[in-house]
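Biologist: Please take a close look at one part of this model, the sheet that the two chains build together. I would like to know how the strands are ordered, what packs on them, and how this fits with the rest of the assembly.

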Protein chains: 2
Amino acid sequence: MDNALAYTDSNFDQFVDELKDFLRIPSVSTDSSRAGDVQKAARWLADHMKALGVGKVEIMETAGHPIVYGEHLVDPAAPTILVYGHYDVQPPDPLELWDSDPFDPQVRNGDLYARGSCDDKGQLFMHVKAAESYFKTDGSLPLNVKYIFEGEEEIGSKHLPQFLSDNKDLLAADVAVVSDTALFGDGVPSITYGLRGLAYVEVTLQGPSIDLHSGVYGGAVHNPINALAKMIADLHDDDHRVTIDGFYDNVIDLTPEERNTFASLPFDGEAWVQEVGASKSKTEKGFTPLEGTTARPTLDCNGVWGGFIGEGAKTVLPAKANAKISCRLVPGQTPEEITDKLEAHFRKHVPETMTLTFTDLHGGHGALTPTDSNAMKAASDAMEGVYGVKPYMVRSGGSIPIVADFKRILGQDTVLMGFGLDSDAIHSPNEKFGLDRFRAGIDSIIRFMSLFSRSN
Amino acid sequence: MDNALAYTDSNFDQFVDELKDFLRIPSVSTDSSRAGDVQKAARWLADHMKALGVGKVEIMETAGHPIVYGEHLVDPAAPTILVYGHYDVQPPDPLELWDSDPFDPQVRNGDLYARGSCDDKGQLFMHVKAAESYFKTDGSLPLNVKYIFEGEEEIGSKHLPQFLSDNKDLLAADVAVVSDTALFGDGVPSITYGLRGLAYVEVTLQGPSIDLHSGVYGGAVHNPINALAKMIADLHDDDHRVTIDGFYDNVIDLTPEERNTFASLPFDGEAWVQEVGASKSKTEKGFTPLEGTTARPTLDCNGVWGGFIGEGAKTVLPAKANAKISCRLVPGQTPEEITDKLEAHFRKHVPETMTLTFTDLHGGHGALTPTDSNAMKAASDAMEGVYGVKPYMVRSGGSIPIVADFKRILGQDTVLMGFGLDSDAIHSPNEKFGLDRFRAGIDSIIRFMSLFSRSN
């Protein structure tokens, strides 16, 4: 382990240059005109892994973009980890807001600016460079490693669950390791043990069959916007709890220990929401903003539209009003359950003047990983070794559906050891990744591989 | 009069062709990119009037779109009418719901389909063609006529009151005549003696300063769409009465006689709303649909938008949500009063997590005209001559603010002799105007001009 750490120290500039090469390939998976670049990124990555010593590397086709599979098995008796990452990136738009070309990586003030620098090319590359550091010093790895790097994360990992099902034996491992999350704060290490799920639906209320003149019909025909506004308003009570029947039935409540830990974290909820321009927080009664965003289910309208939305005044009484509504779920809740309950709620409460269309757009399971496993302990010790302080065990409010899939399909818990920051602008212009965090990530992974190899 | 009626009979197909030419000009006043077309429509109309014999025609500039002024004075001792109409039209959106191009007029089953066919190009053109029928037969008109055709009715007739004030002498007349309303039913003639007013506003709620990730912030930051939905929902109580403080204070209630007359009209409120696809009516408690739409004030959302409204799912917690909201007013209420009360309501109830922007977009006064004047009697007899039955005296739910301005600024009552139908879809896709009604309108106007010329 020390040799590997020393190798990283000596070769770090070279690592950064190689990462820049990887980032120059505009592997935007949502953009069909970039399909060739997505392929190119997969090939670049596979060639790079093969060259540095990974025993077996293959580009495995899916119905969409390919998965780069790598495998280096050192000893059947040693533990095995399954490293997941993604080499596809978000679109760079709006281009005019970037200070430098998103696909011409630039270092400014110690941060590497490029689309994908943090999400997730930079973070997956930490695993590749950790492996290289072992190969170039010890000649091998301290444990068995399997890699799956996919090219469709930014478009919902559509083909990954099927890939997992089709390759259960190939992918067998003791634990999955993912670096695609953020640190609790800059210099404040953390490991994510909880993720929220998602149930995302669209509802349309139709009243009259055509748009009407509000002067002629206003006062006799129920307005779908007003009706939808009432239905949306009624989804929360005065305590900002969701009113859907049974919504909280299967929520796994925070333990008193977790609440104590949350309360002890260096986190000021009011300052945090004020950073993004909100005047004050709004959270389900009885919970803190941190609990509300990471460990409680929520309901938000993500979009609403209906009637005349152009400039000026048009006196229309519209035929329809529409909303996109999603719930963040917590472990215990499933997207199927909550989507069904949402639909039942809307069908029960739709006014008799309206026709409801309810569409299930998309869902994902939350996840909760035991914090006392050998892998979690190894990860915690590894990060402590780098940062000098124990990482916080935290929950994240976002969703990484693949984590639930690893558990459901492969039976693997996931260690979420990420080195991003909320301020890395991962889906925005000027995405960046601090080189100090790139370095801390490689070091943490080198330490984790060694510690976990000895833990079984 | 008989010669003029015969001329219309012989030349009706030509009249329709000319109207089609007029309708081909997309004079959408709300759309600044169409300003040239609005100008073009004004010029087309002025040229047309001049060519057929109107003594003096002028395009009079305003701070906005111009007014086409025409004047044909035959005898200082004869009565004078001031004919008002508008040559601008509503936007045609949503275009994909039209069965034929809104600006390529098509006749189907005796109806002329085009944006503006009924509202109001087709109806103002009835006055032009009635005049032509007199010019081409008697060589003159039976009374003095002044015409003002404006190009800003669909954007609130912003510059018309100033124009009236600036031209009081020029516009002096015994009565104003407007054809911009609907018949009580197909083949059921009516004259409108009451109009509703309008107060139209836009509200924006802003929570955070930027769009946020709903996974990261959902549960701590109040969602502007959810907040706006609640504010909109709270604008009505369970009796579908508007909850704004003092909203009903100045309403001139229907007299018992009016309620009796309303009840005796051949009108089935449920059948009427079902014709436009509504399953049942929704009216302020204690009132019929006919009362609700013509003699009671109402509040409708005309548009709502916020967040992600594209295809699919985007997990955004948006910075803003917006709504266009308008109230139909009844005589006694003023737009200034109700706009102020709306603003006070929104300012009082805006949640402390939100910043409110409140914009007064436009307003207009309602009107109530005496039904026993010479002009009203002449109009009634004229329509009886065409239809064979006395027209009903009715109130309309729509707003023609200019009617209140004619009274206030010029001291003129207005005869509202309109030939539209509620089913003409005047602010919707597939706007139409029945050619039989275009014809009945011209005939009624020819008769009215003759009858009113003899009534003084």
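Modeller: What follows goes from the shared sheet outward to the contact between the chains and then to the single chain. The model is a predicted one, and every value below is computed from it.

The sheet is open and has 8 strands, in the order S14(A)-S9(A)-S13(A)-S11(A)-S11(B)-S13(B)-S9(B)-S14(B), with antiparallel pairing. At its edges stand strand S14 (355-364) of chain A and strand S14 (355-364) of chain B; each has a single partner strand, so one side of each is left without a neighbour in the sheet. From one strand to the next, the twist averages 20°.

The join between the chains is made by S11. Strand S11 (residues 298-307) of chain A pairs with S11(B) in the antiparallel sense, over 5 bridges. A residue pair to look for here is Gly307(A), whose bridge partner in S11(B) is Gly303(B).

Towards the edge on the side of chain B, strand S9 (residues 197-206) of chain B and S14(B) are paired in the antiparallel sense over 9 bridges. Within this pairing, Tyr200(B) has His362(B) of S14(B) opposite it. Helix H6 (residues 224-233) of chain B packs on the sheet and touches strands of both chains: S11 of chain A, and S9, S11 and strand S13 (320-329) of chain B. The direction of helix H6 of chain B makes about 15° with that of S13(B). In chain A, helix H10 (residues 335-349) lies across strand S9 (197-206), strand S13 (320-329) and S14, and runs at about 20° to S9(A).

The contact as a whole takes in 72 residues from chain A and 79 residues from chain B. On the side of chain B that touches chain A, strand S11 (residues 298-307) of chain B provides the largest share, with 9 residues. By residue type, that side of chain B divides into 36 polar, 31 nonpolar and 12 charged residues. Of the interface residues of chain B, 87% are also interface residues in chain A, so the copies meet through the same surface. Chain B is superposed on chain A by a rotation of 178° with 2.4 Å of shift along its axis, at an RMSD of 2.4 Å.

Now the single chain. Chain A holds 13 helices and 18 strands. Its radius of gyration is 24 Å, close to the 23 Å given by the globule rule for 456 residues, so chain A is as compact as a globular protein of that length. The C-alpha trace of chain A spans about 80 × 50 × 45 Å along its principal axes. Of the 456 residues in chain A, 56% are buried. Among the contacts in chain A with a separation of 6 or more, 78% are between residues 24 or more positions apart.

Chain A also has an open sheet of 3 strands, in the order S4-S5-S18, again with antiparallel pairing. Strand S4 (106-108) and strand S18 (432-434) of chain A are at its edges, each with a single partner strand, so one side of each is left without a neighbour in the sheet. The twist in this sheet averages 30° from one strand to the next. Strand S5 (residues 111-113) of chain A pairs with S18(A) over 3 bridges in the antiparallel sense, and Leu112(A) has Phe433(A) as its bridge partner in S18(A).

Note on methods. Residues numbered from 1 in each chain as written. Chains lettered and ligands numbered in written order. Predicted model: local features only at pLDDT ≥ 70, side-chain atom pairs only at ≥ 80, totals over all residues. Contact = placed C-beta atoms within 7 Å. Helix = DSSP H or I, 4+ residues; strand = E, 2+ residues; numbered from the N terminus. Nonpolar A, V, L, I, M, F, W, Y, C, P; charged D, E, K, R; others polar. Pairing = 2+ DSSP bridges. Rg over C-alpha atoms; globule rule 2.2 N^0.38 Å. Buried ≥ 20, exposed ≤ 12 C-beta atoms within 10 Å, placed from the backbone. Least-squares fit on C-alpha atoms with pLDDT ≥ 70 in both. Axes fitted to C-alpha atoms, helices over the stretch in contact; angles between N-to-C directions.
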